[in-house]
Structures are given as structure tokens and as C-alpha cells.
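This briefing is meant for a reader meeting the structure for the first time. It takes up a few topics in turn, with the aromatic residues at the start.

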Amino acid sequence: EWRAWLLAASAARHLNDEAKAREYASQASQGLSSLETKWGAEPYNSYLTRPDVQHMRKQLDEEFTSSR
């Protein structure tokens, strides 16, 4: 789910809808954070080491930075 929000944030940014980009990026961040609660620390931290997840987290950081 967090990946879908990230995709939506990216699309909104490309459409110059900064308010929606911020909103969607926030949803993506919250969704990612909620995984730790659902999965526990060890599986969550293991998930964060995946290269694809690291790439998407970098994108998420860029959404927040470019949308502020």
C-alpha cells in the first residue's frame, strides 16, 4: 500500500499538484511506518535493507523535499 501512495505522490508531483504530492507522500510514509508495528522490528528492518525498498524510500524522501 505504501508503494501505491508513493506512486500517487510522484504522479501528483509531475502534474504540479504540490498539495496532493505532500498528502500522498505523507500517506506513503505512514504506511511504511505501520509495517514495523505489524511485522515487528526484525522483519521490518530486514525489509528496509532490500535494494528496491531503499530506492523507493529515497524517492519518498525526494517527494517530501521537493513538495515542501
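In this predicted model, Trp-39 is partly exposed, with a relative accessible area of 39%. Its partner in an aromatic pair is Tyr-47, and the two rings meet edge-to-face, 5.0 Å centre to centre and with 90° between the planes. Tyr-47, by contrast, counts as buried, because its relative accessibility of 11% falls under the 20% limit for that class.

**Aromatic pairs**

- The structure holds two aromatic pairs, and the one not yet described joins Trp-5 and Tyr-24 in a tilted arrangement, with 5.6 Å from centre to centre and 35° between the planes.
- Trp-5 belongs to helix H1 (residues 2-14) and Tyr-24 to helix H2 (residues 18-39), so this pair ties together parts that are 19 residues apart in sequence.
- Trp-5 is itself partly exposed, and its relative accessible area is 27%.

**The largest nonpolar core**

- The largest nonpolar core has 17 residues, and the members that touch the most others within it are Trp-2, Leu-32 and Tyr-47.
- Each of the helices H1, H2, H3 and H4 supplies at least two residues of this core, while the largest share, six residues, comes from H2.
- Leaving aside residues up to four places away in sequence, Leu-32 touches Trp-2, Tyr-44, Tyr-47, Leu-48 and Arg-57.
- Tyr-47 therefore appears in several parts of this picture, since it is buried at 11% relative accessibility, is among the core members with the most contacts to other members, and pairs with Trp-39.
- As background, nonpolar side chains tend to be buried together in soluble globular proteins.

**An unusual backbone angle**

- Asn-16 has a positive phi of about 60°, although it is not a glycine.
- For comparison, most residues other than glycine have a negative phi.
- Asn-16 is placed in the loop between H1 and H2, and with a relative accessibility of 64% it counts as exposed.

**Confidence in the model**

- The protein averages a pLDDT of 92, and 94% of the residues score at least 70.
- Among the elements, helix H3 (residues 41-48) has the highest mean pLDDT, at 97, whereas helix H4 (residues 51-67) has the lowest, at 84.
- As a general caution, predicted coordinates should not be read in detail where pLDDT is low.

Conventions. Residues are numbered from 1 along each chain as its sequence is written. This is a predicted model: local features need pLDDT of at least 70, side-chain atom pairs count only at pLDDT 80 or more; totals for chains, interfaces and linings use all residues. Side-chain values use heavy atoms; hydrogens and water are left out. pLDDT is the predictor's confidence in each residue, from 0 to 100. Helices (H or I, at least four residues) and strands (E, at least two) are DSSP runs, numbered from the N terminus. Rings of Phe, Tyr and Trp (its six-membered ring) pair if their centres lie within 6.5 Å; planes under 30 degrees apart count as stacked, over 60 as edge-to-face and the rest as tilted. Buried means under 20% relative accessible area, exposed over 50%, partly exposed in between (1.4 Å probe, protein chains only). A nonpolar core is a set of buried Ala, Val, Leu, Ile, Met, Phe, Trp, Tyr and Cys residues joined through side-chain atoms within 4.5 Å. Contact means heavy atoms within 4.5 Å.
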